[in-house]
2 protein chains.
Amino acid sequence: MKKLAEMLHKKGFKATPQRLEIINYLMNTKSHPSAEEVYKNIKEKFPTISFATVYNTLETLKKSGDIKELSIDHERKRFDIDLSPHDHFFCKKCKKVIDIYEHKSLKKDLPDTIEGNIIEEISLFYIGICESCQKT
Amino acid sequence: MKKLAEMLHKKGFKATPQRLEIINYLMNTKSHPSAEEVYKNIKEKFPTISFATVYNTLETLKKSGDIKELSIDHERKRFDIDLSPHDHFFCKKCKKVIDIYEHKSLKKDLPDTIEGNIIEEISLFYIGICESCQKT
DNA sequence: GTGTTTGCAAAGAATTTGCAACGAA
DNA sequence: TTCGTTGCAAATTCTTTGCAAACAC
């Protein structure tokens, strides 16, 4: 936990307990939570936390490049603190987001540009029905 | 335009002038417009059209599978009536969405499932700075 | 004529903002 | 002490809904 504080300091951010808790939560979940999910979880330890703080923190982390915003769930923004190269599977039914580390060809021989447009990143989502939803 | 009406009738929808105009607009733009963009454009011919009608129509077309909702623009939903297999480039700066028909390996040897999850579709976005934004 | 669709206005959901009080450094 | 951050409440933005009137068929 001390490392986290240092990391924040380096970037010029204050290591408030709320922030540390949000980051800690993000690092320990695979759910790719929405702001509301983060809020609900942090509220257990910090009953007075507000949405503003959650949104502020998520926005701050997004700008500093420490989390990524996923654009797959049409209803709400979802976040991922796992920056290692990976893709996602999105279940239409339960809205679950599953990490896919199996890297197919695509990202390996990625060109720098496509039709003159500079590629900075790639977003790849597999969409369908997840394993557990198939059973129900 | 007659074909459009027939197509709608086949699906059990009424071919209202508003609908025809919305579909016509979608078929003649490459901008992958948001609901608001559609609304503004249709309003020129139908000054009394409401957002409700635009959203209703887009929702109807989405459910019937005649348009696709793009999940790349974090701010708002965007729509594409081009159902041919293609990908998109999203410009971070001007928010433009550009069609990419150049098919890389990925979608060709697509498995039916990945880690037990049934894949129904794939969403692939190239994200970066478009050609015209590079110049400014 | 019948049932769908429109258009208005109001409601709802997600996110953002203003600002005073607080607290990390 | 200082300036970034919090928390509240209000505001904003995008989207949806209820319902009466209008209209496609």
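1. Helices (H or I, at least four residues) and strands (E, at least two) are DSSP runs, numbered from the N terminus. On that basis, H4 of chain A, helix H2 (17-27) of chain B and H4 of chain B each supply at least two residues of the surface near DNA strand C. Here a residue is near a strand if one of its heavy atoms lies within 4 Å of it.

2. Ground rules. This is a predicted model, in which local features need pLDDT of at least 70, side-chain atom pairs count only at pLDDT 80 or more, and totals for chains, interfaces and linings use all residues. Residues are numbered from 1 along each chain as its sequence is written, chains are lettered from A and ligands numbered from 1 in the order in which they are written, and side-chain values use heavy atoms, with hydrogens and water left out.

3. The fold of chain A. Chain A has five helices and six strands. Along the sequence, the order is α-α-α-α-β-β-β-β-β-β-α. Its C-alpha atoms fill a box of roughly 45 × 45 × 25 Å, taken along the principal axes.

4. Two domains in chain A. The domain assignment gives domain 1 (2-78) and domain 2 (84-134); such bounds come from an automatic or database domain assignment. The C-alpha centres of these two domains of chain A lie 23 Å apart. Eight residues of domain 1 of chain A are in contact with ten residues of domain 2 of chain A, where contact means heavy atoms within 4.5 Å.

5. What is buried between these domains? Domain 1 and domain 2 of chain A bury about 800 Å² between them, and 57% of it is on carbon and sulfur atoms. Buried area is the accessible area (1.4 Å probe) that two parts lose on being put together, summed over both. Three residues stand out: A:His32, A:Ile72 and A:Arg78 supply 55% of the area that domain 1 of chain A buries against domain 2 of chain A, more than any other three residues.

6. How the protein chains are related. Chain B can be laid on chain A with an RMSD of 0.1 Å, by a turn of 179° and a shift of 0.0 Å along the axis. That is the relation of a two-fold axis. The superposition is by least squares on the C-alpha atoms of residues with pLDDT of at least 70 in both copies. The same surface serves both copies, as 100% of the contact residues of chain B recur in chain A. Of the residues of chain B, B:Leu124 comes closest to the rotation axis, at 2.3 Å (C-alpha).

7. DNA strand C. This strand is surrounded by 20 residues, the closest being A:His9, A:Tyr55, A:Arg76, B:Lys14 and B:Arg19. Sugar and phosphate make up 78% of the atoms of DNA strand C that come within 4 Å of the protein. H4(B) gives the most to the surface near DNA strand C, with three residues.

8. Polar contacts to DNA strand C. A polar contact is a pair of N or O atoms within 3.5 Å; within protein, one must be able to donate a hydrogen and the other to accept it, and residues adjacent in sequence count only if both atoms are side-chain atoms. The side chain of A:Arg76 has an N or O atom 2.7 Å from a phosphate oxygen of DNA strand C. For B:Thr48, a polar side-chain atom lies 3.1 Å from a phosphate oxygen of this strand. B:Thr53 also has a side-chain N or O atom 3.1 Å from a phosphate oxygen of DNA strand C.

9. DNA strand D. Of the 20 residues around this strand, A:Thr16, A:Arg19, B:His9, B:Tyr55 and B:Arg76 come nearest. Sugar and phosphate account for 79% of the atoms of DNA strand D that come within 4 Å of the protein. Which helix gives the most to the surface near DNA strand D? H4(A) does, with three residues.

10. Polar contacts to DNA strand D. A side-chain N or O atom of A:Thr16 is 2.8 Å from a phosphate oxygen of DNA strand D. For A:Thr48, the side-chain N or O atom is 3.0 Å from a phosphate oxygen of the strand. B:Ala15 uses its backbone: an N or O atom there lies 3.1 Å from a phosphate oxygen of DNA strand D.

11. A loop in chain B. B:Thr29 sits in the loop between H2 and helix H3 (35-45) of chain B. Its side chain reaches the backbone nitrogen of B:Ser31 at 3.0 Å.
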